[in-house]
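Let us walk through this structure, beginning at its ligand and moving outward.

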Amino acid sequence: MIDKIKSLLEEVGHLNAANNEEIEALRIKYMGKKGIVNALMADFRNVAPEHKREIGILLNSLKESVQDKIKELKERFDSTDDVDAGIDLTRTAAPIKLGTRHPLSIVRNEIIDIFSRMGFCVAEGPEVEDDWHVFGSMNFADDHPARDMQDTFFIESHPDILLRTHTSSVESRVMEHTQPPIRIISPGRVYRNEAISYRAHCFFHQVEGLYVDRNVSFTDLKQVLLQFAKEMFGEGTKIRLRPSYFPFTEPSAEMDISCNICGGKGCAFCKGTGWVEILGCGMTDPNVLDNCGIDSKIYTGYAFGMGIERIANLKYQVNDLRLFSENDVRFLKEFEAAN
Ligand code: DAH
């Protein structure tokens, strides 16, 4: 029996297997219920007492070396990618590549977040609009140049239908079916008949804001816009309002923020002025309120409109507008961290 165990010990040292099934076959052959080790254990009962110690030690070491060998073979298989090893359901799945949000979506969501916290709801309107909602109700004179085909895309067969040139059209859409208080922002795509270059595109994105209630004043407008500028560009951001003209607001203004690149000292980006323009705003013209069924003797309102590309450009210094619509993954990947 001693010789038998010794030769088995040697045999086990040389055992090999080509796949998991072969390992399992070896395990059964040596360690199974009817396997070699168990058979030896049964014989052990008949061993003469004076040999029990020596044979017992040998038997135990045989058992251990079979177990070690099987473990070693298993480990070798787990660490190889051999297809023969079968499917290992415990392996981690291949990582799935996730896309990133488009920079314009990141900026739009941030704008929505800021104004939502100040009580504004999101309102949407159609991109294919009629003249009344884009121009007529918004107090554009009949001969206003924006109504020219040079600036606006009209539908040839329906001269009254056009692609909206600004999201101000959503103001009239909301006002015609809602009585004040109204406090909305309206993000969306707008279209203009422009030659495409690094600084102009035939479509871009805007966010419109409108607040109509009793006693809404220019001070309210200024405070909300200051808060927005600080949250968007940093606590130290300053704003200034310059008088301007828009048909739908009176008085009207354009708002600049202190240049967020040089901090207001003056640089190439702000052309040395320390200020950069970010939006148009003003008190809603009473004609607009009346056009949309809101009594301008009772209510006043303010409105503002900004370009999302412009804000994104200020935040991320994207100087070529075309990059936003080319979907070049090398450009989009740069915004991974902002997602
Ligand atoms: N609609 C204007 C544009 O497209 C932006 C704008 C200016 C919107 C002043 C407003 C506003 O609501 O009050 O350029």
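What follows covers the ligand site, a residue beside the ligand, and two helices.

This is a predicted model, in which local features need pLDDT of at least 70, side-chain atom pairs count only at pLDDT 80 or more, and totals for chains, interfaces and linings use all residues. Residues are numbered from 1 along each chain as its sequence is written, and side-chain values use heavy atoms, with hydrogens and water left out.

Start with the ligand. It is surrounded by 15 residues, where being near means having a heavy atom within 4 Å. The closest are His-166, Ser-168, Arg-192, Gln-206 and Glu-208. By class, the shell holds 5 nonpolar, 7 polar and 3 charged residues. Here Ala, Val, Leu, Ile, Met, Phe, Trp, Tyr, Cys and Pro count as nonpolar, Asp, Glu, Lys and Arg as charged, and the others, Gly among them, as polar.

Now the polar atoms. The side chain of His-166 places an N or O atom 3.0 Å from a ligand nitrogen. Two ligand distances involve oxygen: a polar side-chain atom of Arg-192 lies 2.8 Å from a ligand oxygen atom, and one of Gln-206 lies 2.9 Å from a ligand oxygen atom. Taken alone, the ligand exposes 360 Å², and the protein buries 89% of that (Shrake-Rupley areas, 1.4 Å probe; for residues, only the protein chains shown count as cover). Helix H7 (168-175) and strands E6 (203-213), E9 (275-284) and E10 (300-307) each give two or more residues to the shell. Helices (H or I, at least four residues) and strands (E, at least two) are DSSP runs, numbered from the N terminus.

Turn to Ser-168, in helix H7. Why does Ser-168 count as buried? Its relative accessibility is 3%, and buried means under 20% relative accessible area, with exposed over 50% and partly exposed in between (1.4 Å probe, protein chains only). Its side chain makes polar contacts with those of His-166 at 3.3 Å and Glu-208 at 3.0 Å. Such a contact is a pair of N or O atoms within 3.5 Å; within protein, one must be able to donate a hydrogen and the other to accept it, and residues adjacent in sequence count only if both atoms are side-chain atoms.

Next, helix H5 spans residues 103-117. Its buried residues include Leu-104, Ile-111 and Phe-115. Gly-119 follows H5, with a positive phi near 95 degrees.

Finally, Asn-313 sits in helix H10 (residues 308-316). Asn-313 is buried, at 13% relative accessible area.

Note on methods:
The expected span of a helix is 1.5 Å times one less than its number of residues.
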